[in-house]
Amino acid sequence: MQLLYSPTSPFARKVRVAMIELGLEDRIQLAAVDPWTDETLRGQNPLSKVPTLVTGDGEIIFDSRVICEYLDEIAGGGRLFPATGPDRWRALTAQALADGIGDAAVRVVAQEKRPAAEQHADQIARQRAAILAALDSLEDDAFDGRFGIGQIAVAAQLGYLDFRKVLDWRENRPILTEWYERVRRRPSMKASEPVE
Ligand SMILES: N[C@@H](CCC(=O)N[C@@H](CS)C(=O)NCC(=O)O)C(=O)O
């Protein structure tokens, strides 16, 4: 299998962490692509986004949520994604919340790359409000010892907020801070740290 990824993408990082947590890293070759400039990616994924997975059978699978669930299935199933019931919906909702932080953060970063006169302050404020509210809800939600898809998604996005210096998410969030300091030491997190 081949994973098309970018070393800075928090969504690709989620897949890389999942892959290592599931012990699949020897079966997946990593291929770095720049989704903004590499037009060959569009031939495989019409959206030209990373992550995109090419399976051993040549199937193309995207986006990060689908890839993670696929990897969980080929690793035996039920390890990162609870199969049914309230735990499953909680895990999927946590993943959606984390991905939403990422979508908002990517938009903030894109806006802030523009010349000051071309930035839309209202859009930046709205995205930052979404990130802050999502972080507050994570602070209120006790994290158990599990490192399933919800936690992996959150960890990948907190790493991205740090990497791009989007905002200081640690301020007034001691529980989330303590949790992240613990999980960032996992081999899967260390092996996937973002690099420019
Ligand atoms: N929902 C998608 C989001 C993926 C995404 O936004 N990837 C960004 C990089 S962080 C990308 O490839 N952007 C290129 C583009 O939007 O054209 C997922 O979970 O995989």
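Which helix holds both Arg-182 and Glu-178, and how many residues apart are they? Both residues lie in helix 7, where they are 4 residues apart, about one turn of the helix. The points below take up that pair and then other features of the structure, which is a predicted model.

1. The pair in helix 7. Arg-182 and Glu-178 form a salt bridge in which the closest N and O atoms are 3.2 Å apart. On the side of the base, Arg-182 counts as partly exposed at 43% relative accessibility, and on the side of the acid, Glu-178 is likewise partly exposed, with a relative accessible area of 45%. In addition, Asp-162, Arg-170, Glu-181 and Arg-184 are joined into one network by salt bridges that share partners.

2. Asp-162 and Arg-170. Within that network, the side chains of Asp-162 and Arg-170 meet in a salt bridge with an N to O distance of 2.9 Å. Asp-162 is partly exposed, with a relative accessible area of 25%, and Arg-170 also counts as partly exposed, at 25% relative accessibility. As background to these pairs, side chains of opposite charge can pair when their charged atoms come close.

3. Arg-173 and Asp-136. A search of the whole structure finds 12 salt bridges, and one that deserves a separate comment is formed by Arg-173 with Asp-136, whose closest N and O atoms are 2.9 Å apart. Arg-173 lies in the loop between helix 6 (149-163) and helix 7 (174-183), while Asp-136 lies in helix 5 (residues 121-140), so the pair ties together parts that are 37 residues apart in sequence. As for the surroundings of the two partners, Arg-173 counts as buried because its relative accessibility is 6%, under the 20% cut-off, whereas Asp-136 is partly exposed, with a relative accessible area of 38%.

4. Asn-172. The loop between helix 6 and helix 7 also holds Asn-172, a residue other than glycine whose phi has a positive value, near 65°. Asn-172 counts as exposed, with 70% relative accessibility, and a colleague checking backbone geometry may wish to look at this residue together with Ser-48, which is discussed next.

5. Ser-48 and Pro-51. Ser-48 is found in the loop between helix 2 and strand 3, and its phi is near 50°, again a positive value in a residue other than glycine. Unlike Asn-172, which counts as exposed, Ser-48 counts as buried, at 6% relative accessibility. The loop between helix 2 (40-44) and strand 3 also contains Pro-51, and the peptide bond that leads from Val-50 to Pro-51 is cis, with omega near 5°.

6. Phe-62 and Asp-63. A cis peptide bond also joins Phe-62 and Asp-63, where omega is about 0°. Phe-62 lies in the loop between strand 4 (60-61) and helix 3 (64-74), and Asp-63 lies in the loop between strand 4 and helix 3 as well. Phe-62 is partly exposed, with a relative accessible area of 31%, and together with Leu-47 and Ile-60 it forms a nonpolar patch on the surface, the three residues having about 240 Å² of accessible area together.

7. The sheet. Four strands make up an open sheet with mixed pairing, and their order is 2-1-3-4. Strand 2 (29-32) and strand 4 are the edge strands, each of them pairing on one side only. Strand 4 pairs with strand 3 (residues 52-54) in the antiparallel sense, over 2 bridges, and Ile-60, one of the residues of the nonpolar patch, is the bridge partner in strand 4 of Val-54.

8. Helices on the sheet. Helix 1 (residues 10-21) packs on the sheet, where it touches strand 1 (2-5) and strand 2, and the direction of helix 1 makes about 150° with that of strand 1. Helix 3 packs on the sheet too, touching strand 1, strand 3 and strand 4, and the direction of helix 3 makes about 40° with that of strand 3.

Note on methods
Residues numbered from 1 in each chain as written. Predicted model: local features only at pLDDT ≥ 70, side-chain atom pairs only at ≥ 80, totals over all residues. Heavy atoms only, no water. Patch = residues over 30% accessible without salt bridge, like charges linked within 9 Å, V, L, I, M, F, W, Y side chains within 5 Å. Areas by Shrake-Rupley, 256 points an atom, 1.4 Å probe, with all protein chains shown as cover. Salt bridge = Lys/Arg side-chain N within 4 Å of Asp/Glu carboxyl O. Buried < 20%, exposed > 50% of the residue type's maximum accessible area, 1.4 Å probe, protein only. Pairing = 2+ DSSP bridges. Contact = heavy atoms within 4.5 Å. Axes fitted to C-alpha atoms, helices over the stretch in contact; angles between N-to-C directions.
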